[in-house]
Structures are given as C-alpha cells and as structure tokens.
Amino acid sequence: RGESEPSSNLFLNQDRSLTNDLGIYIHVPFCLYRCPMCGFYMEIVKDRSFSKEYTDALICEFETYSKSFDFSEKNLRAIYFGGGTASLLEARDISRLISHIQKTIQNNERAEITVENHPCVATEGYLSELKNVGINRVSFGIQSLFDDDLKILGLWQRKEQNIHILNTALKLGFDTIAADLIYSIPNQSIERFMQNVEQLVSMGIATISLYSMGLSERQQELYSLLPGRDVEKEMFTQSMVYLRNNGYVQVAQPDFCLPNHINADTEITWKAPQGEQIALGAGAWSYFNNYIYCNTHNSKKYIADVNTQGYSIQHLQKSTIDDQMSRYMVLGVRCFYIPDSPFRSYFGISFLDVFGQEIRLLNQQGLIKIEEDGISVTEEGRYYVDNISKTFYSFANRCRLQPYCYGIGEEWRK
C-alpha cells in the first residue's frame, strides 16, 4: 500500500511489540527444478555450491539486526529454514547461522528449529548431519503417497521415496517430523486422499499439514480434472474429523499436530497475540518492529547489497494502528480462537468495539461464536477461515490486490 519508506527507517528505533516472542525465518529460494504448480519466487541451481556464499550473506544480514536492536527481552521460539528447497543448504552452513542467532538471542532454550526437506534431495546422511547440528524438527513435502497423483502434479518424487525418507527421519529420532499433503488433486477421490492421511497417521507422523490444490498458469489443461467444490469440502471435513479422532490438535486450518508437537513457527506467526518474525534471505518477508517488508527477490543482488550495506530491503512499510489491530484479527482467526484481553491491554480498547459490525455479521452467519473473553471459529467456519480472515482487513487494505500485482517482489521474473 503506497510507496516504500527508506529501508534505513527500520533500524532507527525499536517499537514496543505485542509480545516478546520472536521467530527467525531463513528463506532458501533455490531448487533443482520448478514444480509445475509453483508460482513463487525461486532460482534453479545444479547443486549445493551456492551454500557457503549465501550463508555468509545471511549471517551478515542477521548481524545488522543484532547491532541495531536489543534482543535481551525477546524469547526465541522458532528458527525455520524454508524455501524453495531449504535442504539444499549444507548442514554445516545451517549450523553456522544457528550459532550466530543463538549467541545474539540468549532466551533460546525452547527454540524449535525446523528444516524443510525435499524427498528427492534429503538423504539419511544429510538428515543425520541435521540432527547432529541441533535440528529438532524436519518437514517433508510429501504431497501424496500415490504415484498417479505425483505424476499428474509433475513432481519428481515417487511413493517409495516418500515413505523411505519419512521412515529414515523416524529412525533418526527427530523430536518432530512433519509432512505436507495436497488434496483436491486432479482425478483424486475422497477415498484415495483419506488413504494418504491414514497412512501418515499409522506411521506416527506428528504433524500433518493439508493444502487444497492450487494450479498455476502452466497447468491450464488440468482445471477440468479438479474435483468439485463439494468434494473438496468433504475431503477437508473428513480429514479434520479423522485426525482429531486420532489425537491430533487442529492448530490452524491446514495444520494438525499431536499435543506435544505444536508448530511454534505457526503459533508465532498466526496465533493471537502474535509474535514478530525476522526473515532473512532473498525474497523473504518480515514483520518486525511494527514494519512489514520484503527483501529483494534476486540472490545475486541480495548478496551484493548485504555485503555493501548489511541489508537488502526492497519494500518497507510502517504498520499503522489500524494495520496492527487488523493483523491481530486477520491472522488470529486462522488459529480459531482470538482472546480479547491481550488486544485490550495493548491497544487500550476491546476488539468488540473496533470490529463489532464484522463480528456480529459472522456470528449471525454461524461462522464464529462470541465467547466470554474473545471469539472462536465454529466447526462450519473452519472451512471458510480464509474468508473470515479477510473480513477483518483494514479499510486501507480492502479491495487491494496482493503486493506482486503492483510489482513488489516480481523483479525475478524479468
């Protein structure tokens, strides 16, 4: 919304935050190939030879934060390596960056440290190295346990690889193993999708995330093969009931976790009252110091900028009070319960007085329920949580397109 502020404004002072919880996200935008359904920023590489230079830049960028801000009161709850293909980063380089972060942020004893892995990239040797350097949570983009599904999606992995890498991670004994599945795949039946879910549960996978199929512009020929909306909703409902009956907690719309394996990164980002997140790396988006901002979406420019000035921010915008109130609700509703007392404590007013009209309308539609100290999303509302979330957009952001529609973060396409 509007023009970017000077990037240096981020580092001028330190604002009061909603909570002291902090997450560090590290973006690794490199892949061996582009998945046909992916429309996000990424750069194709042949191997891990980029790892040291890129990690040097990540460390340099983080040092800019460590010199500019006081982290003594911050609680580091999560370090998350995502992508792209985060498992293309060398384990020794991951270890170097973690050490720098933990030396700066002393309150880190409970930090969950995650690395996303691709089934075709991760090996037993690599996973063993990750565990040895302190990674306690690994995530895998499984997507399906049926070869027909994987082929129609244009993915490289096959069922055998998916099962093998999950069993390998289980054998190595990570604290938490997470797996992503896609539902509403072209030609997919409810029964086949539920077999995916049931097999992951039987294997003992602690966190299962379910994402509805989103095709890219490169997959126009598959649109006619997508299951209908009623089928998609039934997949969502059946899997939600099945997982909850098997002891999983629905932490957010896509995320189901066994009770001692709740994803800290999701809670920091979405659960009200939200924490802050510093995102390092090319193409990374942050919310920190009451600013929302993104880094340049080009790894060569990112590295050059960071080596010259310590950061590579492409677009920076200060959150107004309206934005901050909206963020509390827009993100909080995704975890199905929003408490009012932290809102009142921080903003000096109840969210019932700020968003009363929106809350009454959602309540009348049966999508939320007004509780003693907050609001909760109903069973019916869980399927429609994206639309519930949009109800709380600030007036300045309503009817606005995504940032990339205005050219923000799109320089990598040129």
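A residue counts as buried when its relative accessible area is under 20%. In this predicted model, glutamate 90 has a value of 18% and is therefore classed as buried under that cut-off. Glutamate 90 sits in the loop that runs between strand 4 (75–83) and helix 2 (91–104). Once neighbours within four places in sequence are set aside, its contacts are Arg48 and Ser51. Arginine 48 also has an aromatic partner, as it lies over the face of tyrosine 126, at 4.5 Å from the ring centre. A second arrangement of this kind involves arginine 327, found over the face of tyrosine 287 at 3.7 Å from the ring centre.

Aromatic rings also meet one another, with a count of 22 aromatic pairs. Taking phenylalanine 30 and tyrosine 54 as an example, the ring centres are 5.1 Å apart and the planes stand at 85°, so the pair is edge-to-face. Phenylalanine 30 belongs to strand 2 (residues 30–31) and tyrosine 54 to helix 1 (residues 51–68), so this pair joins distant parts of the chain, 24 residues apart. Phenylalanine 30 and tyrosine 54 are both buried. Elsewhere, one aromatic cluster is made up of Phe11, Phe62, Tyr65, Phe69, Phe71, Phe288 and Tyr311.

Tyr65 turns up again in the nonpolar interior. The largest nonpolar core contains 81 residues, and Ile24, Tyr65, Phe81, Leu130 and Phe140 have the most contacts inside it. Helix 6 (residues 190–203) is the element that gives the most to this core, contributing seven residues. Apart from neighbours within four places in sequence, leucine 130 is in contact with Ala91, Ile94, Val115, Asn117, Ile135, Val138 and Phe174. There is also a second, separate core of 22 residues, with Ala272, Ile359, Val385 and Phe392 among its members.

Helix 6 deserves a closer look. Its 14 residues should span 20 Å at 1.5 Å a residue, and the end C-alpha atoms are indeed 20 Å apart, so expectation and model agree. Ile190, Phe193, Met194, Asn196, Val197, Leu200, Val201 and Met203 are the buried residues of helix 6. Against them pack helix 4 (147–152), helix 5 (159–172), strand 7 (176–183), strand 8 (207–212) and helix 7 (229–245). Glycine 204 follows helix 6 and has a positive phi, near 90°.

Helix 13 (residues 356–364) offers a two-sided picture. Gly356, Glu358, Ile359 and Leu362 are buried in this helix. These residues cover an arc of only 165° around the axis, which places them on the same side of helix 13. Gln357, Arg360 and Gln364 are exposed on the other side. Cover for the buried residues comes from elements including helix 10 (321–332), helix 12 (351–354), strand 16 (368–371), strand 17 (374–377) and helix 15 (385–390). After helix 13 comes glycine 366, with a positive phi near 75°.

Tryptophan 156 completes this account. It is found in the loop between helix 4 and helix 5, and its relative accessible area of 47% makes it partly exposed. Not counting residues up to four places away in sequence, tryptophan 156 touches Leu32, Tyr33, Cys120 and Gln161. Histidine 315, by comparison, is 159 residues from tryptophan 156 in sequence and 35 Å from it in space, C-alpha to C-alpha.

Conventions: Residues are numbered from 1 along each chain as its sequence is written. This is a predicted model: local features need pLDDT of at least 70, side-chain atom pairs count only at pLDDT 80 or more; totals for chains, interfaces and linings use all residues. Side-chain values use heavy atoms; hydrogens and water are left out. Rings of Phe, Tyr and Trp (its six-membered ring) pair if their centres lie within 6.5 Å; planes under 30 degrees apart count as stacked, over 60 as edge-to-face and the rest as tilted. Helices (H or I, at least four residues) and strands (E, at least two) are DSSP runs, numbered from the N terminus. Buried means under 20% relative accessible area, exposed over 50%, partly exposed in between (1.4 Å probe, protein chains only). A charge sits over a ring if NZ of Lys or CZ of Arg is within 6 Å of the ring centre and within 35 degrees of the ring normal. A nonpolar core is a set of buried Ala, Val, Leu, Ile, Met, Phe, Trp, Tyr and Cys residues joined through side-chain atoms within 4.5 Å. Contact means heavy atoms within 4.5 Å. The arc is that of the directions from the helix axis to the C-beta atoms. The expected span of a helix is 1.5 Å times one less than its number of residues.
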